[in-house]
Amino acid sequence: MLSINYNSASRNAVNQVGNAQTGIAKAMNALSTGNRINSAADDVAGSAMASRMQVQSNSLDTAVTNANMGVNLIQTMDGAMKETEELLQRMTKLTEMSKNDAYSTQDRDMMDQEFGALSNELDRNAQSANYNGISLINNAGNTAGSSLFDKDISKGITFADKDVAEVVAKDAVIDASGKITTPAVKHQDAIFANNKLTFTVSTTGTATGATAVTKDITVDFGTQALSANDIVGEINKSLKAAGANANATINSEGHLKIDSNDRVDGVNFGASEITKIAGSAVTAKTGLGAGTATNGKTGFGDIVINVGSSGNAYDNIFLKTVDLSSEGLGLKGASLTNSTDLDETLSTLKKALDTVTEQRSHLGASQKRLTFASDNLQNVKNNTDASLSSIEDTDYAATTMQLAKEKVLNSASQAMLGQSNQMQSEVTQLLK
């Protein structure tokens, strides 16, 4: 129908020109920015997902940086500890030399001068070792309790008559106010219970309203001769089976040591003893010796390396702090001038070396863990970024094809607009 008031063909052509120009602008915007989503209207769900994934990608970047910084911190700390270890080894050698009567008093005085200088160097090294202003080996850390037995079992023990070591455990008492107390003790065994190292077996009384929890751990050595490593292995197997978070080792003097891996700061422990093997005393049957308990201590606290963004404890890797000054190692004031103190000094030096060795082992394991964490985080980030790219980035092949299409449609729509505008002029031809 020919009319002059309305021209639907022309209006439709105008709409198509507008749509084509909008498509051209959108395609050009995507090509110029490299982003398929330049506003929420482009893809509502995709925009929200891309925003969350970008936050995750940024967090992963930070976590990788944190892990690498943690490795650098550990390497700095380990280097300082290596120096401490070498100082202690030389001090040990000097102490052993001083025990030899072949040296004169003047010789011992000279050894003592060197010993004192090395002790001062322990302090200087502990004070100067830092990373980004953080003191590394001059901080007493929070520690848990431990048991140390006084017999050298480095050559192993022969067990007979199906000897069984029974480790009886009872927790420290928590009263109604939440305070941790230790009951009065009549007799004690070497104890690990509920992942905490405790030492009471029979008591004269407990706090009002408190209940002590007992867990028995039995180590069956069998009828055989076992090496020190075999003994430690059997004890650790039994501790693990009982769910006790503790670990047995042999120290540098060949003595059995059992450490709790949980922090139980401030809890007082009694003397630690393994007294039952098939009902007989351990000292008579196995020669493990009597044990001495060391209380947990409250100190500076751990150095925390955060390697995640989920906000839970699994994202934190803890580096135990330690005090490797002469005072922290128990060597402050030690000298070689008094021959009666040399055995005690030598024992303290060996314990100090054990402390450094254990700490370096802890750091080595933590460094390996951080390295794996960094590699894993980088892999997760790469996959996250790939997913983000598939959501947000412009597909140039598809978008250039769309741009060409929109340009053709724009040209065609403009041509049709011209044709539709000429349709009304045909009315005048009918009026002639």
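**A tour of helices α4, α2 and α6 and strands β18 and β19**

Select Asn-229, Lys-237, Lys-240 and Ala-241: these exposed residues sit on the face of helix α4 turned away from its buried side. Bear in mind throughout that this is a predicted model.

Now select the whole of α4, residues 228-241. The helix has 14 residues and spans 20 Å from its first C-alpha to its last, close to the 20 Å expected at 1.5 Å a residue. Next, colour its buried residues: Ala-228, Ile-231, Val-232, Ile-235, Asn-236, Ser-238 and Leu-239. Turn the view to look down the axis of α4; the buried residues fall within an arc of 160°, so they line one face of the helix.

Move on to strand β18, residues 303-306, and show its side chains. Which of them are buried? Ile-303 and Ile-305 are, and they point to one face. Val-304 and Asn-306 point to the other face and are not buried. The side chains therefore alternate along the strand, buried meaning under 20% relative accessible area.

Add strand β19, residues 316-319, to the selection. β18 and β19 run antiparallel and are joined by four bridges. To find one of these pairings, pick Ile-303 in β18: its bridge partner in β19 is Leu-319.

Last, select helix α2 (residues 44-98) together with helix α6 (residues 342-392). The two pack with their axes 7 Å apart, at an angle of about 160°. That angle makes α2 roughly antiparallel to α6, the cut-off being over 145 degrees. Where α2 passes α6, the crossing is left-handed.

Note on methods. Residues numbered from 1 in each chain as written. Predicted model: local features only at pLDDT ≥ 70, side-chain atom pairs only at ≥ 80, totals over all residues. Heavy atoms only, no water. Expected span 1.5 Å × (residues − 1). Buried < 20%, exposed > 50% of the residue type's maximum accessible area, 1.4 Å probe, protein only. Arc of directions from axis to C-beta. Pairing = 2+ DSSP bridges. Axes fitted to C-alpha atoms, helices over the stretch in contact; angles between N-to-C directions. Parallel < 35°, antiparallel > 145°, perpendicular 65-115°, else oblique. Left-handed = near helix turned anticlockwise from the far one by under 90°.
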